[in-house]
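Visitor: I would like a close look at one part of this structure, taken slowly, with its surroundings explained as we go. Please begin from a single residue and work outwards.

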Amino acid sequence: MNILYGMLFIIALGSVYVLGYYFNHKTPKPKGCENMTAACEGCHVTSCDNNPQNEYKEKENV
Amino acid sequence: MMELFALALSAVLINNVVLSKFLGLCPFLGVSKSSKNAIGMGLAVIFVIFGASLITYALYHLVLVPAEIEYMQLITFILVIATFVQFIEMFIKKYSPALYKSLGIYLPLITTNCVVLYVAQDNITQNYDLIETIVNSIAVPAGFMLVLYLFSCLRERLDSADTPKAWKGNPIALVVAALMALAFSAFAGIV
C-alpha cells in the first residue's frame, strides 16, 4: 500500500511540475527582457537554459 | 537563542557550503565575473532556498512521514524544487518585471544548483525543528552569497592583474578559490 501511495504522490508532484513548466513557458517575458542572458560562459551542465550550447541549438532549430 | 546564532554563524563561515562542502561550484565559477551578477544570483539563491526548504520541510512532516514513504524524499525534494522555481519564475514574469529583470536570468541556474537540494536534505537529516530550519535555510545561502560576492570582487581585480597567459581565466580563479577555502578554514574554532 505504501508503494501505491508513493507512486500516486510522485505522479501528483510530476503533474504539478508539468503544469508549472507549461504555464511558465506560456507566460510572455516582460518588455525589455526578451533577450536577456546571464554572464555565464557555460559549464558542463548542458540542461541549464543559460548554457551557451542551448543558444546554438535554438538557432539551429529556427 | 545562542544555539540559533551558532547554527547561523557555522553555516555562513565555518561550514560554508562552497568552500567547505564544495557544493554550488557551477554558479560559483559561472556567475562570479562581476559583483553585480554575484549579488543578483546570491539574492535569487536565498529566496529560492528559503521557499523550497519550507515547502520540503512541510511536505516531509505532513505527507511523507504520516504515509510512511520517507524513502521517497529525494525524488520528492527534486520535484518540489524544480516546480517551485517554475512557479516563482512565472509569478515574477507576470507581476514584477523589475524583479524579473534583476533576478529572472538566474532562476534557471538555480534549478541545477545542488545547494538547494543539500539544504532541504540537511534540514531533515539533522532533525531540525521549524525555527532551526528557517535559520539554516537563510544562513546557508547567505554564506553562499557572501563567498560569491567576495570571489567576484577578487575576479574583477584579477582581470586587470598581470597573470601569465596559461593562468588567465579559470586556472587562476580556482587557485584563488582554494586560497579562500584555506582562509575560511581559520574560522573553524570560533563556535
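**From one residue outwards**

Guide: Let us start with B:I110 which, if we leave aside its neighbours within four places in sequence, is in contact with B:A44, B:V45, B:V48, B:V85 and B:V116. Please keep in mind throughout that this is a predicted model. Two of those partners return when we turn to the largest nonpolar core, which has 43 residues, and in which B:V48, B:I110 and B:V116 touch the most other members. This core draws on both chains, since at least two residues each are supplied by α1 (2-26) of chain A and, in chain B, by α1 (2-14), α3 (35-64), α4 (73-95), α6 (107-111), α7, α8 and α9 (170-185). The largest share of this core comes from α4(B), with eight residues.

Chain A, which shares in this core through its helix α1, has two helices and zero strands. Of its 62 residues, 11% are buried.

Among the helices that supply the core, we can now follow α7 and α8 of chain B. Helix α7(B) covers residues 114-125 and helix α8(B) covers residues 130-159, and the two pack at an angle of about 150°, with their axes 10 Å apart. Because an angle over 145 degrees counts as roughly antiparallel, α7(B) is described as roughly antiparallel to α8(B). The crossing in which α7(B) passes α8(B) is right-handed. On the side of α7(B), the residues that take part are B:V115, B:V119, B:D122 and B:N123, and in α8(B) they meet B:T133, B:N136, B:S137, B:V140, B:P141 and B:F144. Sorted by class, the residues of this contact are five nonpolar, four polar and one charged.

Helix α8(B) also packs against α3(B), here at an angle of about 165° and with the axes 9 Å apart. That angle makes α3(B) roughly antiparallel to α8(B) as well, and α3(B) likewise passes α8(B) in a right-handed crossing. The residues of this contact divide into 18 nonpolar, six polar and one charged.

From the helices we can move to the loops of chain B. B:S34 is found in the loop between α2 (25-30) and α3 of chain B. There are 15 other C-beta atoms within 10 Å of B:S34, so this residue is partly exposed. If we compare its position with that of B:V119, one of the α7(B) residues that meet α8(B), we find that B:S34 and B:V119 are 85 residues apart in sequence and 26 Å apart in space, taken from C-alpha to C-alpha.

Two further loop residues deserve attention for their backbone angles. As background, most residues other than glycine have a negative phi. B:F22, whose place is in the loop between α1 and α2 of chain B, has a phi near 55°, which is a positive value in a residue other than glycine. With 13 other C-beta atoms within 10 Å, B:F22 is partly exposed. B:E68, which lies in the loop between α3 and α4 of chain B, also has a positive phi, near 55°, and it too is a residue other than glycine. B:E68 has 11 other C-beta atoms within 10 Å and is therefore exposed, because a residue with 12 or fewer such atoms counts as exposed.

Conventions:
Residues numbered from 1 in each chain as written. Chains lettered and ligands numbered in written order. Predicted model: local features only at pLDDT ≥ 70, side-chain atom pairs only at ≥ 80, totals over all residues. Axes fitted to C-alpha atoms, helices over the stretch in contact; angles between N-to-C directions. Helix = DSSP H or I, 4+ residues; strand = E, 2+ residues; numbered from the N terminus. Parallel < 35°, antiparallel > 145°, perpendicular 65-115°, else oblique. Left-handed = near helix turned anticlockwise from the far one by under 90°. Contact = placed C-beta atoms within 7 Å. Nonpolar A, V, L, I, M, F, W, Y, C, P; charged D, E, K, R; others polar. Core = buried A, V, L, I, M, F, W, Y, C linked by C-beta atoms within 7 Å. Buried ≥ 20, exposed ≤ 12 C-beta atoms within 10 Å, placed from the backbone.
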